[in-house]
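Grab a pencil and work through these exercises with the structure open beside you. Try each task before you read its solution.

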Amino acid sequence: MSIKITGTGSFIPSRIEKNTDFYNHKFMNADGSTINSTNEVIVDKFQAITGIQERRYIKPELLNSDIGFYAAEKAIEDAKIDKETLDYIIVAHNYGDVKHDNEQSDTVPSIASRVKHFLQIKNPKCVGYDLLFGCPGWIEGVIHAKAFIASGIAKRCLVIGTETLSRVVDKHDRDSMIYSDGAGAVIVEETDDEGGIIAHESATFALDEAHFIFFGTTNHPESTEQRRYIKMYGRKIYEFALNNVPLAMKSCLEKSGYCIDDVKKILIHQANEKMDEAIVKRFYKLHDMPMPEGIMPMTINTLGNSSVATIPTLYDTILKGQLKNQEINKGDVILFASVGAGMNVNAIVYKH
């Protein structure tokens, strides 16, 4: 018996927000002071560091639960399963359903319950719950699914990563350019096929690190609004990720019994191109090897950072042959890895 991903699906919003669309924003420092650079310079520096040229936003009438449902439908269809046989629906997100131009997040009922409702699953024993674990939430959801199946509690789970960060960004904060919307979903189930989830690693660092990513007020000092936005200490996150993610990846690989030469692809959270490259280079340096060319597929340049959705949408895109010069073949050993609010770090060694 093995526990594998048998179906994938994603929803990538059609609305494209280009870097040039930020030229008319009034960016300010966190203390409300003026930035002594033109927006063109700010945007060019941003692109050079993050690799992001454009990102995707959902249409005003859509919600996070909607796009999670769309991705789930595709995963169920791809796996060719009866939706009524699902034992769990696990939805990783961080901000719930936030309506367009509305400051309040709606999480009751849970996003998982809403997705189950949209799917019109009648079986009450199909249990839905939400998972708040920062950007590593989808990987953690897959780990949960694996544990349920391995223990005999479940046989088949739907794991979704869905987020609409465009609804929680401060337009006066340069970091707002990082974030995007999207949803990815997978079916995880028991199968006679070989491979699947071989090993995993998870950790939460919550002493000094707990508030590296947080909800805060706008950078505009004259604003009277009470709305709060996603905020972060970028330099601290970069250093934290560089110090901890490669070690988690190395530990996970050691648990799996595979060696570094066996790894064909690393699907890392699409947070920041330079940061991701630094993480993977350090991971290989721990094995006294240079980072192989093409080992780290990237979609951040066109899709931005959609938090929990980045890895499942990347995985689906590769499997569907939609990412140029990238493929995952039967028997390939791949490594999933992520870092995010918590601060949380996790990884999975997976044999396709």
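**Exercise 1. Work out the layout of the open sheet: what is its strand order, and which strands stand at the edges?**

Step 1: Trace the strands across the sheet. There are four of them, in the order E10-E15-E14-E13, and the pairing is mixed. (Two strands pair if DSSP finds at least two bridges between them.)

Step 2: Look for strands with a single partner. E10 (196-204) and E13 (263-268) each have just one, so one side of each is left without a neighbour in the sheet.

Step 3: Check the twist, which averages 15° from one strand to the next.

Step 4: Zoom in on E14 (residues 333-340) and E15 (residues 344-351), which pair in the antiparallel sense over eight bridges. For Ile334, the bridge partner in E15 is Tyr350.

Before going on, a word on the ground rules. This is a predicted model, where local features need pLDDT of at least 70 and side-chain atom pairs count only at pLDDT 80 or more, while totals for chains, interfaces and linings use all residues. Residues are numbered from 1 along each chain as its sequence is written, and side-chain values use heavy atoms, with hydrogens and water left out. As for the labels, helices (H or I, at least four residues) and strands (E, at least two) are DSSP runs, numbered from the N terminus.

**Exercise 2. Describe helix H4: how many residues does it have, and which strands does it lie across?**

Step 1: Count and span. H4 covers residues 137-150, which makes 14 residues, and reaches 20 Å from its first C-alpha to its last. That's close to the 20 Å expected at 1.5 Å a residue. (The expected span is 1.5 Å times one less than the number of residues.)

Step 2: Find the strands. H4 lies across E10, E14 and E15, running at about 60° to E15. (Contact means heavy atoms within 4.5 Å; angles run from 0 to 180 degrees between N-to-C directions, with axes fitted to C-alpha atoms, for helices over the stretch in contact.)

Step 3: Check how covered the helix is. Of the 14 residues in H4, 10 are buried, including Trp138, Ile139, Phe148 and Ile149. (Buried means under 20% relative accessible area, exposed over 50%, partly exposed in between, using a 1.4 Å probe and protein chains only.)

Step 4: See what comes after. H4 is followed by Gly152, whose phi is positive, near 90°.

**Exercise 3. Look at the salt bridge between Lys4 and Asp193: where in the chain do its two residues sit?**

Step 1: Get the rule straight. A salt bridge is a side-chain nitrogen of Lys or Arg within 4 Å of a carboxyl oxygen of Asp or Glu. By this rule the count comes to 13.

Step 2: Check the distance. The side chains of Lys4 and Asp193 meet at 3.2 Å, N to O.

Step 3: Place the partners. Lys4 is in strand E1 (residues 2-11), and Asp193 is in the loop between E9 (181-191) and E10, 189 residues apart.

Step 4: Sort them by accessibility. Lys4 counts as buried because its relative accessibility is 5%, whereas Asp193, at 31%, counts as partly exposed.

Step 5: Widen the view. Lys4, Asp193 and Lys330 are linked in a network of salt bridges.

**Exercise 4. Now Lys255 and Glu201: which is buried and which is exposed?**

Step 1: Their closest N and O atoms are 2.7 Å apart, forming a salt bridge.

Step 2: Lys255 belongs to helix H5 (residues 234-256) and Glu201 to strand E10, 54 residues apart.

Step 3: Lys255 is exposed at 51% relative accessibility, while Glu201 is buried at 17%.
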